[in-house]
Amino acid sequence: MRIFVAGATGTIGRRLVPLLAAQGHEVTALTRHPSVGVPGSSAVVAGDVYDAARLREVVAEARAEVVIHQLTDLGARDFAANNRIRREGTRNLVDAALAAGVRRVISQSIAWAYEPGDTPADEDTPLDLQAADDTRRATVEAVHALETITAEAPEWVVLRYGLFYGPGTWYTAGALMADLAAAGKLPTGPDITSFVHVDDAATATAAALTWPTGPVNIVDNTPAPASTWAPAFTHSLGLTPNTPPSTTPPYAGAPADSTPRTPWARGASNARARALGWSPAHPTCFSG
């Protein structure tokens, strides 16, 4: 299969391209920096997702059957820039795919854009488009735009990933969240998060080549409150957590905490992905 990967040098892309190549696919990798190697790719092309004309050229030249959208802009924690790439970058990429006759588009989304609730969200749960907080609402609106545009393709899959952890992410030694852990600034309350190891995210993306159209949560098996995952993460770094790390936290019944839970911080269910045949090699963030 001929596959065009936009965001091939990102956290997922660096794992995905070699995985696809090992499965026998022909991969064209898009990068703004053509001097950067992309192991496993059949071709590396230079292009900017905001240059719509150039993007149409390179997608057409790739003769792709599938376009995989792994574009983000979070290197400087610039959430406005990331929202822009979700809106404008997705628009340009999907337009290029449609113009080239690409049938399937697979896009990176997130699993924490759902409306508030007390149980893990499934894919039928509405997005939190009425969020009161301006920053959150801007994020959810950009996610909604990305998913709506992706759905213009004849076949499409939106992968709603949990928070990434593992090498090359913020949740690893020497990175952002490790610095916060060392400073004692990780969250400690009952807010619930669904994580996914980056290697599991990559295998799910490759599997999505044959999945039916629709959104799919790509998260591990156990959504966890910060009161359990934060000390476990701190402990994994060789630091002393404020509270003992837990290894088998339940989803419900988070430890008593004076801080109220943020209603939308509810985690997500991976039941649909598991029904499609995917399961995480790292079942929880505590084992991963």
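**Exercise 1. Burial of Thr228**

Determine whether Thr228 is buried or exposed in this predicted model, and state which element holds Thr228.

Solution.
Step 1. The relative accessibility of Thr228 is 9%. The limit for a buried residue is under 20%, so Thr228 counts as buried.
Step 2. Thr228 belongs to helix α7, which covers residues 226–236.
Step 3. A spatial relation can be added: the C-alpha atoms of Thr228 and Thr188 are 8.0 Å apart, while 40 residues separate the two in sequence.

**Exercise 2. The sheet and its edges**

Give the strand order of the open sheet of seven strands, and find which strands stand at its edges.

Solution.
Step 1. The order reads β3-β2-β1-β4-β5-β6-β10, and the pairing is parallel.
Step 2. The edge positions belong to β3 (43–46) and β10 (214–218). Each has a single partner strand, so one side of each lacks a neighbour in the sheet.
Step 3. On average, neighbouring strands of this sheet are turned by 20° against each other, with direction ignored.

**Exercise 3. Register of β5, β6 and β10**

State how many bridges join β5 to β6 and β6 to β10, and name a residue pair for each.

Solution.
Step 1. β5 (residues 104–110) pairs with β6 (residues 155–161) in the parallel sense, over seven bridges. Within this pairing, Ser107 is placed opposite Val158 of β6.
Step 2. β6 and β10 also run parallel, joined by five bridges. Here Val157 faces Gly214 of β10.

**Exercise 4. Cover of an edge strand**

Find how many residues of β10 are buried, and assign them to the two sides of the strand.

Solution.
Step 1. Five of the five residues of β10 are buried, and the strand is mostly covered.
Step 2. In a regular strand, side chains alternate between the two faces of the sheet.
Step 3. For β10, one side carries Gly214, Val216 and Ile218, and the other carries Pro215 and Asn217. These residues are all buried, and both faces of β10 are covered.
Step 4. A helix that lies across β10 is α6 (residues 198–207), which also crosses β4, β5 and β6. The direction of α6 is at about 170° to β6. Angles over 145 degrees count as roughly antiparallel, so α6 and β6 fall in that class.

**Exercise 5. Helix α3 between sheet and helix**

Identify which strands α3 touches, and describe how α3 packs with α4.

Solution.
Step 1. Helix α3 (residues 79–99) packs on the sheet and touches β1 (2–6), β4 (66–69) and β5. The direction of α3 makes about 170° with that of β4.
Step 2. Against α4, the angle is about 10° and the axes are 8 Å apart. The class roughly parallel requires an angle under 35 degrees; α3 and α4 are therefore roughly parallel to each other.
Step 3. From α3, the contact uses Asn83, Arg86, Arg87, Thr90, Arg91 and Val94. From α4, the residues include Ala138, Ala142, Val143, Leu146 and Ile149.
Step 4. By class, the residues of this contact split into seven nonpolar, four polar and three charged.

**Exercise 6. Salt bridges**

State how many salt bridges the whole structure has, then compare the settings of Arg54 with Glu57, Arg84 with Glu88, and Glu123 with Arg272.

Solution.
Step 1. The search gives 13 salt bridges.
Step 2. For Arg54 and Glu57, the closest N and O atoms are 3.4 Å apart. Both residues lie in helix α2 (residues 52–62), three residues apart, about one turn of the helix. Arg54 is partly exposed at 28% relative accessibility, and Glu57 is partly exposed at 42%.
Step 3. Arg84 and Glu88 meet at 3.0 Å, N to O. Four residues apart in helix α3, they are separated by about one helical turn. Arg84 is partly exposed at 35%, and Glu88 is partly exposed at 35%.
Step 4. Glu123 and Arg272 form a salt bridge at 3.7 Å between the closest N and O atoms. This pair links distant parts of the chain, 149 residues apart: Glu123 lies in the loop between β5 and α4 (134–150), and Arg272 in helix α8 (residues 271–275). Glu123 is buried, at 8% relative accessible area, whereas Arg272 is partly exposed at 31%.
Step 5. A network of salt bridges links Arg91, Asp95 and Glu152.

Technical notes. Residues are numbered from 1 along each chain as its sequence is written. This is a predicted model: local features need pLDDT of at least 70, side-chain atom pairs count only at pLDDT 80 or more; totals for chains, interfaces and linings use all residues. Side-chain values use heavy atoms; hydrogens and water are left out. Two strands pair if DSSP finds at least two bridges between them. Axes are lines fitted to C-alpha atoms, for helices over the stretch in contact, and angles run from 0 to 180 degrees between N-to-C directions. Contact means heavy atoms within 4.5 Å. A salt bridge is a side-chain nitrogen of Lys or Arg within 4 Å of a carboxyl oxygen of Asp or Glu. Buried means under 20% relative accessible area, exposed over 50%, partly exposed in between (1.4 Å probe, protein chains only). Angles under 35 degrees count as roughly parallel, over 145 as roughly antiparallel, 65 to 115 as roughly perpendicular and the rest as oblique. Ala, Val, Leu, Ile, Met, Phe, Trp, Tyr, Cys and Pro count as nonpolar, Asp, Glu, Lys and Arg as charged, and the others, Gly among them, as polar.
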